[in-house]
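The following exercises concern a single protein chain. Please study the sequence and the structure before reading each solution.

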Amino acid sequence: MDVTPLSDSSAWQRLGGADTAAEIAQQPALWNRLAEDLAQACERVQAFLGDCLNDPRQRVLFTGAGSSGFIADLVADRINAQWAAEVRALHTTSLLTHPALYLQRNRPTLLVSFGRSGSSPESVAAVELVRAEVEHSRFLDITCNPEGELARRGAGREDTCTLLMPADSCDRAFAMTSSLSCMLLTALSVFDTAPWPQRIERLPQLAVLAHEGLAQWDAPAAALAQRSFNRVIYLASGPLEALAREAALKLLELTAGRVLALANTPLGFRHGPKSTLDGDTLVVVVRSAHALARRYEQDLLDELRRDGIAGQVLAIGPHADIGADDDHSLRVPPLDDTWLAPVWLTFAQMYALQRSASLGLTPDNPFPDGTVNRVVKGVTIHHG
């Protein structure tokens with residue numbers, strides 16, 4: 001199969017991946033638009049949050065399911081380190097099954113929900129559960145769909161603030177791509193401690209980086225997808241472990257499970273998961289911007305390349321002296337890993353798209369039989 005550039009819309013139309021390709025490619029433009037939207041929303045958001053993040057009694061729960069849950073995982077630790085409030089990630093899929101472990105009736109709680117459609121059964125049920133079980137609860141809904149249940153049910157409520165992403169971010173394709181990156185950057189912008197203008201300025205910076213990365217990685221990702229690896233392992237440190245899990249999920253989704261995709265940390269990989277390596281395995285290490293983490297990552301990269309067991313080992317991330325021989329790198333401003341995460345994720349998105357096409361699947365809908373759906377179906381909400 002010939003390599004198909006991301007920009008070849010007519011070819012992707014024939015391959016059944018036009019929406020996915022366009023939604024990956026549009027992310028830099030959407031981040032610029034998001035910066036404008038957030039600049040207009042900042043006073044409303046500040047008024048809603050007030051001083052709650054400086055209160056150690058306050059709990060902030062970031063929640064979602066699947067890719068939306070990985071957004072929560074990516075942002076929670078960084079935000080927790082910045083504020084007196086207790087901040088944690090909690091997937092709706094855990095909250096609904098074991099609410100007594102996670103909710104405290106007498107402790108003020110802000111539930112931050114991520115939802116592309118805003119209509120998944122778990123997202124709606126999580127809001128209803130927290131409202132019923134926590135006396136002083138409030139809700140920040142970050143969603144891409146103005147017609148979704150989160151947006152509809154939160155309208156006009158004093159306990160709810162809804163942030164809508166740019167219209168084109170509500171991906172038409174099966175896989176979450178631009179929806180995920182917009183919601184991630186919104187959460188980082190809303191909860192950062194830097195002055196609002198400084199937070200907003202980061203989005204155009206990241207848009208420039210992503211545009212550069214998309215151009216540089218388009219052909220290499222397409223060529224890589226032509227190799228018949230049946231197992232791909234993404235490794236990343238700290239908060240970027242959630243990025244690795246999201247990258248693995250994208251590949252599982254778009255290849256309809258034909259390519260087994262796993263995720264771990266560079267240090268954790270040696271504790272058993274390294275046994276999965278063979279000549280049909282691709283390993284992708286997403287590098288940290290922090291020197292300490294990079295040393296651990298470099299140790300594993302050197303070890304894997306020396307062992308020669310994996311079919312191929314790649315490294316992607318910010319340019320640095322530690323790992324100057326990384327395969328795909330960009331020179332980046334001094335930003336935290338979590339802020340840079342959406343840039344590196346574009347590589348994984350492009351690779352998953354191309355790998356799906358190489359298998360003869362239709363990336364916009366890799367499950368035409370309906371076994372897996374764009375918006376989750378078949379969930380019955382039970383009450384204790």
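**Exercise 1: A residue in a loop**

A256 lies in the loop between α11 and β7 (260-264); helices (H or I, at least four residues) and strands (E, at least two) are DSSP runs, numbered from the N terminus. The model is predicted, so local features need pLDDT of at least 70 and side-chain atom pairs count only at pLDDT 80 or more, while totals for chains, interfaces and linings use all residues. Residues are numbered from 1 along each chain as its sequence is written, and side-chain values use heavy atoms, with hydrogens and water left out.

Task: State what is notable about the phi of A256, and classify its accessibility.

Solution. Step 1: A256 is not a glycine, yet its phi is positive, at about 55°. Step 2: The relative accessibility of A256 is 28%, so it counts as partly exposed (buried means under 20% relative accessible area, exposed over 50%, partly exposed in between, with a 1.4 Å probe and protein chains only).

**Exercise 2: The sheet**

Task: Give the strand order of the open sheet and explain which strands stand at the edges.

Solution. Step 1: The order of the 5 strands is β2-β1-β3-β4-β5, with parallel pairing (two strands pair if DSSP finds at least two bridges between them). Step 2: β2 and β5 (160-164) each have a single partner strand, so one side of each lacks a neighbour in the sheet and they stand at the edges. Step 3: From one strand to the next, the twist averages 15° (axes are lines fitted to C-alpha atoms, for helices over the stretch in contact, and angles run from 0 to 180 degrees between N-to-C directions). Step 4: The parallel strands β1 and β2 are joined by 4 bridges. F62 stands opposite A89 in β2. Step 5: Helix α4 packs on the sheet and touches β1, β2 and β3 (contact means heavy atoms within 4.5 Å). The direction of α4 makes about 155° with that of β2.

**Exercise 3: Helix α4**

Task: Check the span of helix α4 (residues 67-82) and locate its bend.

Solution. Step 1: The expected span is 1.5 Å times one less than the number of residues. Step 2: For the 16 residues of α4 this should give 22 Å, and the end C-alpha atoms are 24 Å apart, which agrees. Step 3: α4 bends by about 35° at A76 (the angle between axes fitted to the seven residues ending there and the seven starting there). Step 4: The buried residues of α4 include F70, L74 and A76.
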